[in-house]
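Q: Could you take me through the charged pairs and the strand pairings of a model, giving the general idea before each case?

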Amino acid sequence: MKNTIFVILLIIAFSLSVYSQSNKNISLLVKNCDENETVCSTQHLVRYVFSNGDLVSKEKLLTTKTLDLRFDLGGNQIYKNRYIVTMWGDVFDIDTKTVLNKSEGELVEIVGDDLIIKVNKEDNQGIFFFNLLTKESQKLPSPNIYEAEGEISPDKTRVVNYYSRLGLVIEDFKTKSKKVKKIKLNVGLSEVASEMGKVPLFWLDNERILTQRKNGEIIVIIIMEKSVRL
């Protein structure tokens, strides 16, 4: 029963599909806790391979201590059908079965073969690039756009934030100029919620932002050269 629960919890987190001309193979990556432990202090990353719907093989890819490297939290993802990237920027190479990067920060985004990782520790702070091909980490000179608070535009030139007293604020990173749209945006939460609702802001492109006036009322805000309009 214990193993079944772990599979159900992690079945959504990791899935990897590999296709060939003759048949369809699907690999399912699952995090299992060690069955001999009452507390999950050891994690196993297991690959189940299916061919035409039938389980044909099972392989343990990695065993790690939960405090060292874990795959059961947050927005983990499989990148390019090869790399498992955790929410912190840890990287596991499925093909070589090796840990390529043990991150000390938080994954911001993936651009090409570069992971952008934000590190905020007493002895180490800044924005770092980790390259999946060279396996090298490099600190980005400061100031840079990734240090800014808010949602970054696709062309990496502007940042948008919403403030209840001001409205929507779009700032140009280089010139520091700001455009303000006086608009009321809201997120409704349960009365017993333990956190404040954060207004979702998503750049559709460099000129349009997807957000909401309230729950269920989605809008697109268009940014003009001299103003911001709905």
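Q: Is E149 buried or exposed?
A: In this predicted model, E149 counts as exposed because its relative accessibility is 58%, and the cut-off for that class is over 50%. The side chain of E149 meets that of K118 in a salt bridge, with 3.5 Å from N to O. This pair links distant parts of the chain, since K118 lies in strand 10 and E149 in the loop between strand 12 (137-139) and strand 13 (151-152), 31 residues apart. K118, for its part, has 30% relative accessibility and therefore counts as partly exposed.

Q: Which residue meets D93 in a salt bridge, and what does the pair tie together?
A: The general idea is that side chains of opposite charge can pair when their charged atoms come close. Here the partner of D93 is R82, at 2.7 Å from N to O. Because D93 belongs to strand 7 whereas R82 sits in the loop between strand 5 (77-79) and strand 6 (83-85), the salt bridge ties together parts that are 11 residues apart in sequence. D93 has 1% relative accessibility and so counts as buried, while R82, at 25%, counts as partly exposed.

Q: How many salt bridges does the structure hold, and which residues are linked with E59 in a network?
A: The structure holds 11 salt bridges, and a network of them links R47, E59 and K97. Within this network, E59 forms a salt bridge with K97 whose closest N and O atoms are 2.1 Å apart. That pair links distant parts of the chain, with E59 in strand 4 (residues 54-65) and K97 in the loop between strand 7 (91-93) and strand 8 (98-101), 38 residues apart. E59 counts as partly exposed at 26% relative accessibility, and K97 counts as partly exposed at 36%.

Q: How should I read the strand that carries K118, and what is its bridge partner in strand 11?
A: In a regular strand the side chains alternate between the two faces of the sheet. Strand 10 (residues 114-121) pairs in the antiparallel sense with strand 9 (residues 106-111) over 5 bridges, and L107 stands opposite I117. Strand 10 is also joined by 8 bridges to strand 11 (residues 124-131), again antiparallel, and there the partner of K118 is I127.

Q: What joins these strands in sequence, and where does a positive phi occur?
A: The hairpin of strand 9 and strand 10 has 2 residues between the strands, and G112 takes a positive phi near 65°. A hairpin through 2 residues likewise joins strand 10 to strand 11.

Definitions and conventions
Residues are numbered from 1 along each chain as its sequence is written. This is a predicted model: local features need pLDDT of at least 70, side-chain atom pairs count only at pLDDT 80 or more; totals for chains, interfaces and linings use all residues. Side-chain values use heavy atoms; hydrogens and water are left out. Two strands pair if DSSP finds at least two bridges between them. Helices (H or I, at least four residues) and strands (E, at least two) are DSSP runs, numbered from the N terminus. A salt bridge is a side-chain nitrogen of Lys or Arg within 4 Å of a carboxyl oxygen of Asp or Glu. Buried means under 20% relative accessible area, exposed over 50%, partly exposed in between (1.4 Å probe, protein chains only).
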